[in-house]
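Colleague: Walk me through this structure, please. I would like to learn how to read its main features.

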Amino acid sequence: MEPFDQEVVKRVVEQVISTELIEVEASGRHVHLDRETVDLLFGDGYQLTKLRDLSQPGQYVCEERITLTGPKGSIKNVVILGPERNKSQVEISFTDALILGIRNVPVRDSGNTENTPSIILDSGKNSVQLENGTIVAKRHIHMTPEDAKRYQVTDKEIVRVKMFGMRPLIFDDVVVRVNSRYETRMHIDYDEANACGFKKGMYGRLIKKQPGGVNQ
Ligand SMILES: [Zn+2]
């Protein structure tokens, strides 16, 4: 038998790491606020205070927290992410939707809030009812153009990601978003994280869908 070639093994492992493995992050419930909503919640001209940066360049957690309220309940201490956006958006999990009693919350790409449920935000100072903007975020991968080339995927491509947690599973219907302003990371919510026994720092394996294949 040929001797075990460590160099070949190392190259194969490196190849898999650099073309198939994606660092995964779990995003808790959070809100993005537009200028008008910040004014209403905290006072005219109020500036949100940056607490810490997120992995995506320019995105950060704010010090200020708010309470979400729906027909059946409230969730306190909800994180606000900066910077301000053009339109307010509330990202919750399906479990949160049950607690709040918000029915029919759709799975959407960030920014697509048309015909989504209403929700009440409270800063402790003022409260505002958003006409719409409540979504469950579609699971997604942020990817740099360089990584997209290496992983051989394109913007808006739908892929699968295999997770190797305590309860291994394959996430289907994962959208890849390619942009030079991104850092390459997959984002899932807490329901999805708990489903696979997620721990911080875990990686998933990207599985491309084969055109015309049985796993389409
Ligand atoms: Zn994201």
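Modeller: We take the metal site, then the cores, then one helix. This is a predicted model, where local features need pLDDT of at least 70, side-chain atom pairs count only at pLDDT 80 or more, and totals for chains, interfaces and linings use all residues. Residues are numbered from 1 along each chain as its sequence is written, and side-chain values use heavy atoms, with hydrogens and water left out.

Colleague: Which residues coordinate the zinc ion?

Modeller: Donors are N, O and S atoms within 2.8 Å of the metal (3.2 Å for Na, K and Ca); water is not among the atoms, so sites may look incomplete. Here H140 (NE2), H142 (NE2) and H187 (ND1) coordinate the zinc ion at 2.0 to 2.1 Å. Their spacing along the chain is H-x1-H-x44-H. H140 lies in strand β11 and H187 in strand β14, 47 residues apart. Strands are DSSP runs of E, at least two residues; helices are runs of H or I, at least four.

Colleague: Are H140 and H187 buried or exposed?

Modeller: Both are buried, meaning under 20% relative accessible area with a 1.4 Å probe, protein chains only.

Colleague: Which residues touch the most other members of the largest nonpolar core?

Modeller: In soluble globular proteins, nonpolar side chains tend to be buried together. A nonpolar core joins buried Ala, Val, Leu, Ile, Met, Phe, Trp, Tyr and Cys through side-chain atoms within 4.5 Å. In this 24-residue core, they are V31, I66, L68 and L121. β4 gives the most, with 4 residues.

Colleague: Which residues of α2 are buried?

Modeller: T37, V38, L41 and F42. They line one face of the helix, because they fall within an arc of 100 degrees seen down its axis, taking directions from the axis to the C-beta atoms.

Methods: Buried means under 20% relative accessible area, exposed over 50%, partly exposed in between (1.4 Å probe, protein chains only).
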